[in-house]
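This report describes how a protein chain surrounds its ligand, how its domains meet, and where enclosed space is left. Please keep in mind throughout that the model is predicted.

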Amino acid sequence: MTPDIGKIREDFPILQRKINGKPLVYLDNAASTQKPNSVINAISDFYKTSNSNVHRGVHTLSEEASELYENAHLKAIKFIGGNSIEELIFTKNTTESLNIVAKSWGMHNLEKGDEVVMSRMEHHSNLIPWQEVCRKTGASLKFIEMNEDLTLDMEQAEELIGNKTKIVSIVHVSNSLGTLNDIKKLGKLAHENSALINVDGAQSAPHMPVDVKELDCDFFAFSGHKMLGPTGIGALYGKHEHLKEMEPFITGGGMIQEVSYEKAVWDELPWKFEAGTPIIAQAIGFSAAIDYLEKIGMTEIHSYEMRLANYAVDELEKLDGLKIYCPPKESRTGIVSFTLDGIHAHDIASLMNEEGIALRAGHHCTQPLMKMLGIEATARASFYIYNTMEEVDSFIEALKRAKNSFS
Ligand code: C6P
């Protein structure tokens, strides 16, 4: 069933804004999404009624805050198909989640001769931590190549993932190309070779049903702010068998069972990975965001966004001098990157902004990918559940005007 987009839009106060006298058309959802009233209210209600630190006090406010904080873990793990909060660590964002895997698992499990496999379309947040780990451990990075159509070359992946591979650390949906990668198949290849698979889910979890058990991934990282939640909160799912063996990335208060002057015994999962006062209000806001998404349904969200994106691609394809960097329909998501002959991506975004349309332009934290494609930057439209077909039309019309003004 198609969600009632008009009704959904009423839940997002920011969508009433005008930019340069024009109604805001927000097409920068891959960077960060807007927040519904229920999320804004959940955060402000917490501060108004239950604000306190967690896990420390026996007083009522601390008990309430602790319960809300723990429930947020449960909400987040269920959202991605897991069962136990022991397997769900709250972090600052996807970047921190990916760093935990690289530093807490990679630094202790890799040595010279080992290989870390990733794709050519990785975000810097997945690429750089592993570059660092490889530099320090002597392991090497290997890359799955891309086909002409911007999908992964799965035949080459089969050859590449072998007995030297210790982990496949890979993006689920590319933030620059929108390509949806076959994680199940890559996970199978990794496991057949006794390797693990770590998934960067920053652009998948917000937009489609994700089931970590079905994907059979060892780790899965995502961010709250890209799925209607507040900034400052992300999550890392990890299989219990791995998390229990891993050393914490940050140590200090709130993550111990016992401490002497000489040593400390870590607390149980997930708390051993959540040192210091945690991101309590953000977790509560994140929980409200998950409620909001689940009420609409992730399958419905995905199919609606695909309608928007496919319509946008069809219309963009009609424009001369425009090159689209996105895969065929089967591997496509709600992200559409493009370049326009004779106009720099930043100029496209500026001209669109004059018309109230928010696009992102740049390398999208995938500089090596841009270089490989022989471009400096793309302009990118990325859709979410509150966007409309009319907004796609406004975007295409504004783009035509921008193109004419430069010719
Ligand atoms: N991409 C964009 O594309 P953080 O900033 O930690 O919440 O997310 C990092 C990140 C990791 N992986 C992928 C695939 C991502 O898309 C992102 C964030 C944003 O506009 C900012 S570069």
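## Surroundings of the ligand

The ligand in this predicted model has 18 residues around it, and of these Thr95, Asp200, Gln203, Ser223 and Arg360 come nearest. Sorted by class, the shell around the ligand is made up of five nonpolar, nine polar and four charged residues.

Both domains take part in this shell, since at least three of its residues are drawn from domain 1 (5-31 + 297-406) and at least three from domain 2 (41-294).

## Polar atoms facing the ligand

Two side chains can be named for their distance to oxygen atoms of the ligand: an N or O atom in the side chain of Asn175 is 2.8 Å from an oxygen atom of the ligand, and for an N or O atom in the side chain of His225 the distance to an oxygen atom of the ligand is also 2.8 Å. With the protein in place, 90% of the 510 Å² of accessible area that the ligand has on its own is covered.

A nitrogen atom of the ligand is paired in a similar way with His123, where a polar side-chain atom lies 3.4 Å from that nitrogen.

## Domains and their contact

The domain assignment of the protein chain gives domain 1, which is built from two segments (5-31 + 297-406), and domain 2, which covers 41-294. Their C-alpha centres lie 28 Å apart, and the contact takes 34 residues from domain 1 and 32 residues from domain 2.

## Enclosed space

Rolling a probe the size of a water molecule over the atoms shows where empty space is left. When the whole structure is searched, one cavity of 30 Å³ or more is found, and the volume of the largest cavity is about 50 Å³.

Which residues line the largest cavity? The lining consists of Asn29, Ala30, Gln203, His207, Thr333, Gly334, Ile335, Ser382 and Phe383, and by class it holds three nonpolar and six polar residues, with no charged residues. Gln203 therefore links two parts of this report, being listed in the lining of the largest cavity and also among the residues that come nearest to the ligand.

Terms used:
Residues are numbered from 1 along each chain as its sequence is written. This is a predicted model: local features need pLDDT of at least 70, side-chain atom pairs count only at pLDDT 80 or more; totals for chains, interfaces and linings use all residues. Side-chain values use heavy atoms; hydrogens and water are left out. A residue is near a molecule or strand if one of its heavy atoms lies within 4 Å of it. A polar contact is a pair of N or O atoms within 3.5 Å; within protein, one must be able to donate a hydrogen and the other to accept it, and residues adjacent in sequence count only if both atoms are side-chain atoms. Accessible areas come from the Shrake-Rupley method with a 1.4 Å probe; for residues, only the protein chains shown count as cover. Ala, Val, Leu, Ile, Met, Phe, Trp, Tyr, Cys and Pro count as nonpolar, Asp, Glu, Lys and Arg as charged, and the others, Gly among them, as polar. Domain bounds come from an automatic or database domain assignment. On a 1 Å grid over the protein atoms alone, a cavity is a set of points where a 1.4 Å probe fits but cannot get out, and a pocket is an open set with protein on both sides within 12 Å along at least five of seven lines; lining residues have an atom within 4 Å of a point. Grid points are joined across faces, edges and corners, and a volume is the space filled by probe spheres set on the points. Contact means heavy atoms within 4.5 Å.
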